[in-house]
Every structure is written in structure tokens, then in C-alpha cells.
Amino acid sequence: MPGRNEGADAQSLGVRPEEGRRAREPRPAPDPHPPHLPGDAEPSAGLATCPSCGGPVGGGTRRLLSALRASESRFRAAFADAGIGMALIDADDHIIEANPAFAAMIGREASELVRVHIHQIIDPEDTPRRLYLELLRGERDRLKVEKQLKHRDGRTVLGKVTISLIRDGAGRPLYTLAMVEDVTEQRLLGDRLAYQSLHDPLTRLPNRALFFERLEEAFEAAGARPPATGPREPRMGLCYVDLDGFAAINEMLGHHVGDQLLVAVADRLESGFAQGDGRLLARLGGDEFALLITDSSGSGQLTALAAQLVEALEQPFEVAGHQLTVTASVGVVERPVHGTTPIDLLRDADSTLYWSKADGRARWTLYDPDRGAHQLTRQRLATALRPALERGEFTVEYQPLVGLSDGVVRGAEALVRWQHPRYGTLSPDRFIPLAEESGAIVPLGKWVLEESCRQARRWLAEFPDTETFVSVNLAARQIWDSDVVADVAEVLAATGLPARLLQLEITESAVLGPGGRPLQALQALADMGVRIAIDDFGTGYSNLAYLSRLPVHVLKLDGTFIEGFRDAAPLGPGPAGGPEPGDDPRRQARRDAADEQIVGAMVQLAHALGLTVTAEGIESAAQAERLRLTGCDTAQGWYFARPGEAELVAAILRRDRSG
């Protein structure tokens with residue numbers, strides 16, 4: 001492993017000061033003792049003599065020599081006892097002396113290192129000499145580098161080396177002092193921490209962070225190549241894998257078994273699908289895995305891999321004494337690199353995995369741009385719901401509810417519309433499910449309730465003798481996520497609308513489920529005087545015995561039952577009447593007769609329970625008449641009036657009163 005330095009490295013740990021002086025120029029030997037000090041020229045009896053020249057040594061010189069010896073003694077003691085490695089190196093890169101700490105660092109004795117060339121311990125490196133030359137010129141005090149040292153037993157020791165020059169009195173380099181700190185354990189610990197930060201601790205696979213890092217690198221590498229018009233245009237593919245029913249295994253057998261299952265799944269995927277260049281298998285979290293193909297050959301390759309993934313994971317696993325069988329859903333995305341981004345790839349893979357789950361699980365699904373565009377529109381609408389309510393983009397339209405016995409308007413259903421600035425007018429089926437999923441149905445539903453009650457109060461003020469009621473849809477989540485009873489009471493008080501002129505519609509699946517809060521809330525509303533209607537009756541899990549004990553006043557028949565009340569001369573295909581092309585007329589006639597009998601039976605049952613019945617989707621006079629003959633009380637549909645502004649209902653009421 002090459003050494004690392006702070007900016008640049010020196011040529012070696014030794015000193016070769018060729019620059020600034022002649023190479024190998026003989027240098028005068030240093031003076032063995034300092035010059036005699038003034039006052040030493042007149043020797044007297046008992047004075048010491050200089051051991052080198054025999055001259056007398058006076059008191060000043062003696063004190064200086066003593067100080068030098070003491071300084072050298074202190075240096076040698078510090079050198080020998082230092083906790084970090086130290087070595088003196090001559091100009092020829094040979095070790096003059098090494099301390100015990102340095103020798104122990106590389107598994108040797110200090111005496112063995114004398115005259116050893118430094119490159120026997122540290123490999124030379126061809127690195128820039130700029131910093132070294134700055135050291136020679138005195139422009140910096142020291143160099144700091146990281147070097148790999150050779151241990152006696154063959155292993156590598158990583159050392160942090162500080163290099164200083166020792167100079168003579170004239171400033172000329174004499175030798176190098178290297179101080180070495182063993183940072184091997186620190187580096188190994190850092191490497192372990194780096195590995196742990198990029199790998200899943202359970203399966204040892206790359207984790208989400210490393211996956212995203214490699215994905216970015218793959219895009220950068222592929223993007224560096226120019227777009228190709230031929231078959232070798234850079235492409236990339238991703239299989240996004242999620243185990244089906246893994247949570248149930250955790251709950252039934254415990255998380256320790258679930259963890260062992262994840263390890264077994266990871267091993268099977270890694271051995272079967274992650275081998276080879278251009279492939280990366282990662283655990284993204286929980287029971288989600290991703291297989292990235294950085295140079296795919298086309299969607300066929302990815303779908304084949306996805307099919308093999310599904311098949312491989314269907315094989316049983318032996319885990320902790322249990323034979324476990326799991327399945328997997330796989331979302332597949334494959335496309336050219338140019339024109340997309342890592343974010344696009346992951347977003348579409350996540351959407352495709354969701355489709356695979358929604359389509360039945362234990363399967364793979366290839367990304368469909370049209371379906372993706374629809375999903376993107378749904379996401380945009382869901383995100384914009386609450387801001388749209390604040391901006392006043394919603395309106396309410398009303399469709400009259402007409403008595404079949406006399407044709408008089410009894411009330412009107414409030415139908416919310418979204419005047420979207422980009423998509424135009426959106427009907428409830430486009431955004432109400434999104435509002436229910438996100439919880440935005442609570443504030444939206446309350447706003448519709450306020451607007452509808454305020455409008456019904458205006459009708460009452462203009463037509464006090466008709467007492468036209470307003471019917472407002474109530475989502476089950478409004479009951480669970482808000483105090484709907486308090487909300488209704490507040491709105492009625494604020495608008496001045498009598499409770500008897502408000503009808504709340506809720507689907508039978510929400511009402512006829514287990515008892516509890518919905519039933520209590522509906523009972524409180526009924527006690528308040530509010531009318532309760534079951535919407536889309538006949539499509540849920542009706543419990544007729546339970547129905548008699550509910551605080552319900554009206555049953556609204558689902559429009560599918562009304563299709564049996566067809567005209568002899570149909571207006572056209574679809575809900576306006578007439579069989580679909582290809583239908584057997586006799587078979588269709590039998591179905592229509594059955595629907596008519598079912599509707600008649602439900603009307604009789606409702607009347608026996610004291611309930612009134614409303615039919616939806618009436619498109620012709622013949623349908624209205626045949627429903628009237630069954631005893632159905634009220635109806636709504638395009639035959640009477642399409643949904644429109646509140647003035648539409650007011651105009652009909654004026655006509656009825658004048659006519």
C-alpha cells in the first residue's frame with residue numbers, strides 16, 4: 001500500500017542535500033571541543049588540560065563542556081526512553097542509531113539496525129521533492145508522511161513519520177532525525193469502521209449507502225461515454241426485490257428466526273446472481289434487496305433475471321429447525337443511461353415493486369411508462385390536495401333527488417369537484433381515494449359539509465315550504481380521524497340548517513363492519529336528527545339482521561342493479577341502456593329480469609324495516625317508471641338532471657312551485 005503524505009512526500013527518509021553544494025565534497029571535521037574562553041590563557045597550578053590539544057582548560061570552558069555533556073546525556077536518555085520510534089540517518093540513507101521503540105516496532109534489536117540502509121525497512125517511493133527541498137532550504141521545519149515499514153516476520157507496519165534535519169553551526173545538514181509512530185491499529189480500526197458503515201452487519205452485503213455510492217459511480221462512468229446510436233449504447237438495469245409475508249415470519253417465529261432467514265436469502269442471492277463484473281447485490285433495509293446490472297444488454301436480460309430470482313426464492317429454506325417457504329415480488333427497470341438519473345431509476349423501481357405487490361405478489365413486473373405516468377399524476381394530486389383546499393380550488397355541484405311518485409325534488413346530493421389548474425375539472429373518483437389514503441379527506445370533508453349546509457340553508461330561506469335536504473358523503477376515515485359528531489353539530493349551528501335537512505351518506509362496508517366507534521357516531525348523529533343513508537347498498541357484506549338495528553333511514557341502491565331496468569329502445573351502450581356489443585340477448589334478458597327481482601325484494605325489505613330507498617343512475621323515463629312500480633321512493637340520474645351549480649336545484653324548485 002503506497003504511503004500517504006500531507007501534500008507531497010520526501011524522496012526517502014534519508015537526506016541527500018545535493019542541491020546548494022557539491023556532491024561528496026569533503027567537509028572539515030568538527031572541532032572536538034569549543035574554543036578556550038577568555039580568562040583561560042593563563043594556566044595556574046591544578047587547572048585541567050584539554051584532552052585533545054593538551055592546553056589548559058579554564059573554568060569557563062569546563063562549565064561549557066559540562067553543560068554539553070549534560071545536554072547530550074539528556075538527549076540520549078530521551079532518545080532511548082521515548083515511547084515512539086526514533087532513528088538518526090546519515091546522508092547516505094544509513095541508520096546511525098535507532099532507539100528501542102523503533103526497533104521493537106519492526107521486530108528487531110536496536111543494535112541490529114546500525115548501518116542498515118533505510119530502504120531495507122521502508123520501500124523507496126518516486127514522489128515529488130518539492131517539500132523536501134523546502135526542508136533543505138529551511139522554508140519548513142519538518143515533513144510528515146505515512147510509510148509502510150517491513151516487520152521482521154513479513155507483515156507491514158504503518159507508521160506516521162515526522163522528518164527533521166539536524167544542522168551544524170553553519171546551517172548545513174548533518175543528518176536526519178526520523179520519529180515514527182505506529183498507527184497500524186488505528187488504521188485497521190478505521191478500515192473496520194469504514195467497512196461497517198458501508199455494509200449490512202447481518203448479511204455482510206453492501207448496504208444502502210454503498211449501493212447509492214456505486215450507483216452514482218456507475219452512472220458517472222457510463223455517462224462519460226458519448227451516446228451511441230448502435231446496440232452498444234450504455235444501459236443499466238435494476239431488480240428491486242421484496243420478500244412477501246416476511247413480517248408474518250417475524251411475528252410467528254421471532255426476529256431471531258427472521259434474521260437467519262434474511263442471511264439465508266442473502267447467501268442464495270449472492271451465490272446465484274451477484275457473481276461477475278457489472279453486478280452489485282445490496283440489502284437496502286428490512287427484507288428489501290436490490291440487484292444492479294451496470295451494463296445490461298436489454299430488458300430481456302433483466303426480466304429473465306427477475307424470473308430466476310422469483311423461482312430461486314420459492315425454494316424452501318432450512319432455518320433454525322424450520323422449513324420456511326417465502327416468495328418475492330420484484331420490480332424491474334431497464335433503460336439507457338443517457339436521459340435518466342439514479343433518482344429516476346430508483347423511483348421507478350420502487351413504483352414497479354409496488355405494482356408487483358398490488359398485482360398479486362410472487363411475481364416480477366417490468367416498468368411501464370404509461371402506468372408510471374399515471375402513478376406520478378396520482379402522487380402529484382395527493383401532494384397538492386391540502387394546498388388546493390387552502391387555495392380554494394374545490395367547488396360543490398348538486399344533483400337533484402326526485403320523488404318517483406310525483407316527480408318533485410326532495411333534496412340534492414352534494415358532489416365535490418376539483419378545479420385543478422393543470423388537469424382541469426376532476427371528478428371525485430380521481431381524488432377522493434387519494435384524500436382518504438393521505439388523511440386529507442378530513443379537512444376536505446368538513447369543508448364540503450360546511451358549503452353544502454350553507455347552500456341548503458339558502459334553499460330553505462327561498463323555499464321554506466319545500467324543506468329540501470342536502471345529502472353529503474361521509475368517508476369512514478372522517479369518523480375514525482375526527483370528532484364527526486362535534487363537527488356536524490358545529491356546522492349546523494354555524495349555518496342555521498335544521499338537522500332534519502341534512503343527510504349523511506356512508507358506504508355499507510364502513511357501517512356494517514364490526515361495531516364500535518362508527519356505530520356510536522352514527523347513533524349520536526341520528527339522535528341529533530340527521531338522516532343517515534347507506535350508499536352503494538348491495539355491493540358490500542350486508543348483514544340484513546344487523547341492518548335492522550342500525551340508525552339508518554335510507555338505502556341508496558348501487559347503480560349496477562339499475563342496469564337491469566333497460567329501455568326497449570336503448571339510448572346507447574353503457575349506463576344509458578342497451579346491452580354491450582356481443583351480448584347474447586336472451587342471456588342479457590335473464591340478467592335484467594333477475595336484477596329487477598332483486599331490486600323489488602330489497603325495496604320491500606327496506607320498507608319492512610321502515611327505510612326509504614333511493615336509486616342512482618336513472619337515464620331514461622322507462623327506467624324511472626319501472627323503478628316506481630317496484631316501490632322505490634326517490635331517484636337521481638341524468639334523466640332528471642346532471643350535477644350542476646346550486647342554481648340548477650333552485651331553478652327546478654321554482655318550476656315545481658310555479659307549475
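A residue is called buried when its relative accessible area is under 20%, exposed when it is over 50%, and partly exposed in between, as computed with a 1.4 Å probe on protein chains only. At 34% relative accessibility, Gly-171 therefore counts as partly exposed; this glycine sits in the loop that joins strand E6 (156-167) to strand E7 (173-182), where helices (H or I, at least four residues) and strands (E, at least two) are DSSP runs numbered from the N terminus. Gly-171 and Arg-137 are 34 residues apart in sequence, and their C-alpha atoms are 9.7 Å apart in space.

The structure is a predicted model, in which local features need pLDDT of at least 70 and side-chain atom pairs count only at pLDDT 80 or more, while totals for chains, interfaces and linings use all residues. Residues are numbered from 1 along each chain as its sequence is written, and side-chain values use heavy atoms, with hydrogens and water left out.

The pLDDT, which is the predictor's confidence in each residue on a scale from 0 to 100, averages 82 over the protein chain, and 80% of the residues score at least 70. Among the elements, strand E18 has the highest mean pLDDT, 97, and strand E1 (residues 48-49) the lowest, 55. Over residues 36-47 the pLDDT stays under 50, and the model has 15 contacts (heavy atoms within 4.5 Å) for them beyond four places in sequence.

The protein chain has 21 helices and 23 strands, and 44% of its 659 residues count as buried. Of its contacts with a separation of 6 or more, 64% are between residues 24 or more positions apart. One buried residue is Asp-348, whose relative accessible area is 5%; this aspartate is found in helix H9 (residues 342-358) and, not counting residues up to four places away in sequence, touches Val-333, Arg-335 and Tyr-367.

A nonpolar core is a set of buried Ala, Val, Leu, Ile, Met, Phe, Trp, Tyr and Cys residues joined through side-chain atoms within 4.5 Å. The largest such core has 83 residues, and Leu-502 and Leu-504 have the most contacts inside it; helix H12 gives the most to this core, with nine residues. Beyond its neighbours within four places in sequence, Leu-502 is in contact with residues including Leu-449, Val-470, Val-488 and Val-530.

Empty space was searched for on a 1 Å grid over the protein atoms alone: a cavity is a set of points where a 1.4 Å probe fits but cannot get out, a pocket is an open set with protein on both sides within 12 Å along at least five of seven lines, and lining residues have an atom within 4 Å of a point. Grid points are joined across faces, edges and corners, and a volume is the space filled by probe spheres set on the points. Three cavities of 30 Å³ or more are found in the whole structure, and the largest has a volume of about 90 Å³. Its lining has 13 residues, of which Gly-445, Leu-449, Leu-474, Gln-478 and Val-484 are the closest to its centre. Helix H12 (441-462), strand E18 (469-473) and helix H14 (484-495) each supply at least two lining residues, with the largest share, four, coming from H12.

The largest pocket has a volume of about 970 Å³, and of the 38 residues that line it, Glu-413, Leu-415, Pro-428, Asn-473 and Asp-535 are the closest to its centre. Among the elements that give two or more residues to this lining are H12, E18 and strand E19 (502-507).
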